[in-house]
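The following exercises are to be worked with the sequence and the three-dimensional structure at hand. Each task is followed by a solution in steps.

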Amino acid sequence: MVSGKDIASYKAAVTAKGVYLKETVTLESPNYRILYLDISDSAPQKFEIVFTNGKREITHNYELKPRDPERLNIQSFNSSDVLYLIMPDRFANGNPDNDQIAMRMPYKVDRNDPNARHGGDLKGISERLDYLSDLGVTAIWLNPVLENDMEGGSYHGYATTDYYRVDPRFGTNEEYRQLISDAHDKGMKVVMDMIFNHCGSDHPWMQDVPSCDWFNNLGEYVQTSHMKEMYFDPYASEYDKKKMTDGWFVPTMPDLNQRNRHVAKYLIQNSIWWIEYAGVDGIRQDTYPYADYDMMADWCNAVYKEYPSFNIVGEAWLNNTIGTAFWQKDSPLNPNNTHLKSVMDFRFMGLSHTAFFEETTEWNGGLHSIYDHMTYDFIYPDICNVLRFLDNHDTDRILKEYPLDLSAWKQAITFLLTMTGTPQIYYGTELLMHGNKSRSDGDIRRDMPGGWPSDTTNHFTREGRDDIQNEAFDFLKKVLHWRQGKKVISSGGMKHYVLQKGVYVYERFLNDEKVLVVMNGTSGEVTIDLGRYAESIQGKSSWKELLSGKTVTFGETLTLAPKDVLILE
C-alpha cells in the first residue's frame, strides 16, 4: 500500500528478477495506490519501484528479505506453558528518555493519573526477564506494543496508528525483536497482542480515508451492541447481527471493514510479517467476534499454512461455556468452522472471584460452582487449548483489596495451575496486586513498584516485599516450577468427585502417574471419608504433599484444616 499526494495518477513499474506486478489498484482517495506483487518465483533482493506521471518520476527502494528457516519450526504456546500477561506501560521503565518524546498527537506522562502514560517500556521488561524466569513463567503475553499515536496517549495499546511500527515510547522494532530473542534464550515464549477489528481514530487512514468501504459506519456513528451471542442465536435479526459486527467499539476506535479485500490482505500480511520479522511464538487476537467472521477464519488458515504449529487465542468474551466453545476450531456446535485453535474461559474467571472466597456449604456456594463449571468441559473440541485465567487487564483483579490471609488466593492459584487447559496469570499476581475496575481501569493496571528509578520500594526483590508478599511469591513460584514439564497436568486426564462436606477432590492422571488435589472450601476443620475416592487412591497409602513437603498417610479418613489445600503425588 503506497501513499503520497496524487500517487493514484502515477503509473507503477517493477523491474526485478522473478517479481511481477500482478495488479495495481486505485482507491477513491487519490493519495493511495495498492500494488499486488507476485513473488512466487523470486529470491531475496533489493529492487526499485518506479512511479511515473509524464515527466515526473518517483523511485522507491524496496526489499524482499530472506525468510528465517527457524520461524517454520516455531513451537507455539500450549498447555505445558503458563502465560504471564504484562501491560508494558505499567510494568517497568527501563529507558526514561523515551517517556516524553515528540509525537503527532498531544499526550501526557503522569504516574498520578491512571489514564495517562506512565513510562513503562520494552527495556524495562527485558531487564526483568530473570525475575520472570525465576518465578517460573514460560510464556509472556504483552498487551499491544504497536504505535498508538493518539490524543491522550492510549497507554493500553489498543488503538493502533501504525501496524508496522512499535510505539517509540515503548522502544523500537529492533528492541522488540531483541526482547523476544532474549526471552527465547531464557526458555520463554512471547505472545503478540493484535487487533484487527479496529484501529485508532488518529490513524492516517482516518485523516485521509482510502475508500468509503475501508471502515464501517463512517458517515454516522454506530455503537456496537457487544451482543456476541447473535452468532449462534437462532432468533437473531439481521439488524442486530450487523450492529454487532459493524458498530464501533468506542468512538476512538473506528471499525475496520475486513470484507474489503485490501483491508483483509493488509491485516493478514501484517501478522505474518511480525511472526517472520520478530519471531513471536503466538498471537492473542483482541475482540475476535467483532471482526468479519469469514476473514478471521481465512486469517487463521493463512497463518497456519505458513507456521503449522502456531497457536492463536481469540478474545471471545462470553459468559457461558457453550458460547465460548462455539468459537473453537472444529466445534460441533458451529456449522462454519472458525479455525481458531484457542479460546478464553471468561466464565471461569467470573466464577473464581467468588467461588474461592465464599463459604462452601454441603449443597451450594463456593467450590460447588467450580465443580459445576468443569462438568461442561465436554463441550470443547480441544480442552488443552482453552486459556484459563483468574483476571486480566480488562477485569477486576481477583483480589479487590490487600489480603490479610492467603488461603482463598492459594486455592485459586492451585486450581488454575492444576486444572485442564492453558493457564494465564496477570502481572503482579505474585505480589498480591489488587484492584477494582469500578474505581477505574487504572486501578487494575497499577505500576509494579520498583519498576521506576524513582520508586522507594522495589517489589522485584525479596527485600522490597513484605512477609505476606514473599509468602505469595514463594507459593506461586513453587507451583509454577513444579508444573514445568509435568505432562500429567498439561495433557493428562481429569477425574473429579461431587463435593463432600464442602471438600472438592480431583485427580489428574496420565499413564501410571497421578496427582490428587484436595481443597477444603469451608472455614472450619473437616474430616472426610476416603472410601469414596478409592478408584483414585488405588490402595496407595503414602503420598508426598507438594506445598508442605510432608508425607501424607491415608487411612479411612482425612482431616483438613480450614480452607486447606493439598497437592498430592
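**Exercise 1: Aromatic pairs**

In this predicted model, the count of aromatic pairs comes to 39. Classify the pair formed by Y163 and Y266, and state which elements the pair ties together.

*Solution.* Step 1: a pair of aromatic rings is described by the distance of the centres and the angle of the planes. Step 2: for Y163 and Y266, the centres are 6.1 Å apart and the planes stand at 80 degrees. Step 3: rings pair if their centres lie within 6.5 Å, and planes over 60 degrees apart count as edge-to-face; the pair of Y163 and Y266 is accordingly edge-to-face. Step 4: Y163 belongs to strand β10 (residues 162–166) and Y266 to helix α7 (residues 261–278), so the pair links parts that are 103 residues apart in sequence. Step 5: both Y163 and Y266 are buried.

**Exercise 2: A tryptophan pair and its cluster**

Determine how the rings of W205 and W214 are arranged, and whether W205 and W214 are buried or exposed.

*Solution.* Step 1: the ring centres of W205 and W214 are 5.4 Å apart and their planes meet at 70 degrees, so this pair is edge-to-face. Step 2: buried means under 20% relative accessible area. Step 3: W205 has a relative accessible area of 4% and is therefore buried; W214, at 0%, is buried as well. Step 4: W205 and W214 belong to one aromatic cluster, whose members also include Y163, Y266 and W273.

**Exercise 3: Charges over rings**

Over which rings do the charged ends of R117 and K341 sit?

*Solution.* Step 1: the charged end of R117 sits over the ring of F170, at 5.0 Å from its centre. Step 2: the charged end of K341 sits over the ring of Y304, at 4.5 Å from its centre.

**Exercise 4: Strand pairing**

Describe how strand β5 is joined to β2 and to β6.

*Solution.* Step 1: β5 (residues 45–53) runs antiparallel to β2 (residues 11–14), with 4 bridges between them; A12 stands opposite F51. Step 2: β5 also runs antiparallel to β6 (residues 56–64), through 9 bridges, and here V50 stands opposite T59. Step 3: β5 and β6 form a hairpin with 2 residues between them, and G54 in the turn has a positive phi of about 65 degrees.

**Exercise 5: A pocket**

Characterise the second largest pocket by its space and its lining.

*Solution.* Step 1: the second largest pocket holds about 630 Å³ of space. Step 2: its lining has 29 residues, with H156, Y158, F249, V250 and M253 nearest the centre. Step 3: the lining divides into 9 nonpolar, 11 polar and 9 charged residues.

Conventions
Residues numbered from 1 in each chain as written. Predicted model: local features only at pLDDT ≥ 70, side-chain atom pairs only at ≥ 80, totals over all residues. Heavy atoms only, no water. Pairing = 2+ DSSP bridges. Phe/Tyr/Trp six-rings, centres within 6.5 Å; stacked < 30°, edge-to-face > 60°. Buried < 20%, exposed > 50% of the residue type's maximum accessible area, 1.4 Å probe, protein only. Lys NZ or Arg CZ within 6 Å of the ring centre and 35° of its normal. 1 Å grid on protein atoms, 1.4 Å probe; cavity = no way out; pocket = protein on both sides within 12 Å on 5 of 7 lines; lining within 4 Å. Points joined across faces, edges and corners; volume = space filled by probe spheres on them. Nonpolar A, V, L, I, M, F, W, Y, C, P; charged D, E, K, R; others polar.
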